[in-house]
Amino acid sequence: MGIIIFISGIFFYLWHQHKNTFSYYGEIWADRAGYYVYLPFVFNYHVKSDTFIEQDISNKTGLGFTIQDNKVYTKYPYTVALMQLPFYLCAEGLYAIAPKGIAGFSIYHHKMVALAGLVYFWIAMLFLYSFLRHYYTDKVVMFTLLTIFLGTNVFYYAVREGGMSHIYSFCLFSVYLFLLKKTGFLSKITRLESIILGFIVGGIILTRYTNGIFIALTYLLLDINHLSQIKNRINTLFALRKEYILYCILSVIIIFMPQLMYWKYACGTFICYSYQKEGFNWLKPQLLKFLFCPNNGLFLFTPLMFLILAGTINMIYVKKRDGYVLGITWLIITYIYSCWWTFNFGCSFGSRNYVEYYALFAL
């Protein structure tokens, strides 16, 4: 673990030496600005768009958010901003001591956004280590984590694009898997764990709705030796104490409430599809392009995926537990992502939508 922290820290330092905030190389730019904007919008500008318009902040940050009808509009959910909050407050403290640049978008805020991604990556590694230790020896787990870090685009989104959502989802996925094992797939869950689980589940789904597939498949299929055991998992869920179910549901609602309030402000309704004209072409998947295109093709940018698939197929062939959950998850998410209106997912390094799923594929 120390090796991973050391290597990631070195590359993080080398990558973030620049001081040019309002450019592609800044940490609050384009999509990253869209995820982050909730914090300065609420705390620095008190839900008013005047300063955003006067200083043209939207254009300066790469149009990750826009001004529509004198309202700050972002299509991205607020969960990343929520997880960045402690780092934002640190930046605010530094800005209060030596104010430089635009409030909420200073060099301090840029660096703290980048640091947040790195720290959540470290947290993810710790929880993923604890999860994998249920299955393999310490040496195997450490080699696996190092391979995932250096052999996939997890590396890039941990040390270079810390403002994107993927490393935060990677962290949430890792914590969720850890909780599943710790609670015996909810059979031994406590009151506190049910509250935490609700926040984690809510965060995972709100960050990307398709991530609900991960929650369902891992709960129903992970560590299943026979399909008949799925019924036992479902029975366990319904056999939970009502107060624990209530705590979990309330936690999910608490996570969703600020987002619903923002949608009411920005769109006029509590439920809003913020991506507007962007969507899925379910009957026209671009599988070959998605997997092999030089423009962010999955296999070309992450050849390690060949080994992951080979390991998955071997697990299924020798009837080793968890082969099916890996295979089914890979097939479903690959089909879904190949149906997105732009198969390369815009400006990214490889198939960035797989970053969070390496928490599961590490098996």
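1. Let me start with a helix pair that is easy to find. In this predicted model, α10 and helix α12 (residues 212–221) pack with their axes 11 Å apart, at an angle of about 25°. Angles under 35 degrees count as roughly parallel, so α10 is roughly parallel to α12. The crossing of these two helices is right-handed.

2. Which residues make this contact? From α10 come Phe173, Tyr176, Leu177 and Leu180, and from α12 come Phe214, Ile215, Thr218 and Tyr219. Sorted by class, the contact of α10 with α12 has 7 nonpolar residues, 1 polar residue and no charged ones.

3. α10 has another partner to look at. The axes of helix α10 (residues 166–182) and α11 come within 10 Å and cross at roughly 145°. Here α10 passes α11 in a left-handed crossing.

4. If you would like to pick out the side of α10 that meets α11, select Ser169, Leu172, Phe173, Val175, Tyr176, Leu179 and Lys182. On α11, the contact is made by Glu193, Ile196, Leu197, Ile200, Val201, Gly203, Ile204 and Thr207. By class, this contact of α10 with α11 has 10 nonpolar, 3 polar and 2 charged residues. Phe173 and Tyr176 are worth a click: they are listed in the contact with α11 and also in the contact with α12.

5. Now to the N-terminal helix. Helix α1 (residues 2–15) and helix α7 (residues 107–132) have axes that come within 11 Å and cross at roughly 165°. Since angles over 145 degrees count as roughly antiparallel, α1 is roughly antiparallel to α7. α1 passes α7 in a right-handed crossing.

6. What does α1 bring to this contact, and what does α7 bring? Ile4, Ile5, Ser8 and Phe12 of α1 meet Ala114, Leu115, Leu118, Phe121, Trp122 and Met125 of α7. The class count for the contact of α1 with α7 is 9 nonpolar, 1 polar and no charged residues.

7. Last, the pocket. The largest pocket has a volume of about 730 Å³, and 34 residues line it. Of these, Asp31, Tyr76, Tyr275, Phe345 and Arg352 lie nearest its centre.

8. Where does the lining come from? The elements that give two or more residues to the lining of the largest pocket are α2 (31–36), α9 (154–159) and α11 (191–207). α2 gives the most, with 3 residues. You have met α11 already, as a helix that α10 crosses. By class, the lining of the largest pocket has 20 nonpolar, 7 polar and 7 charged residues.

How values were computed
Residues are numbered from 1 along each chain as its sequence is written. This is a predicted model: local features need pLDDT of at least 70, side-chain atom pairs count only at pLDDT 80 or more; totals for chains, interfaces and linings use all residues. Side-chain values use heavy atoms; hydrogens and water are left out. On a 1 Å grid over the protein atoms alone, a cavity is a set of points where a 1.4 Å probe fits but cannot get out, and a pocket is an open set with protein on both sides within 12 Å along at least five of seven lines; lining residues have an atom within 4 Å of a point. Grid points are joined across faces, edges and corners, and a volume is the space filled by probe spheres set on the points. Helices (H or I, at least four residues) and strands (E, at least two) are DSSP runs, numbered from the N terminus. Ala, Val, Leu, Ile, Met, Phe, Trp, Tyr, Cys and Pro count as nonpolar, Asp, Glu, Lys and Arg as charged, and the others, Gly among them, as polar. Axes are lines fitted to C-alpha atoms, for helices over the stretch in contact, and angles run from 0 to 180 degrees between N-to-C directions. Angles under 35 degrees count as roughly parallel, over 145 as roughly antiparallel, 65 to 115 as roughly perpendicular and the rest as oblique. A crossing is left-handed if the near helix is turned anticlockwise from the far one by less than a right angle, and right-handed if clockwise. Contact means heavy atoms within 4.5 Å.
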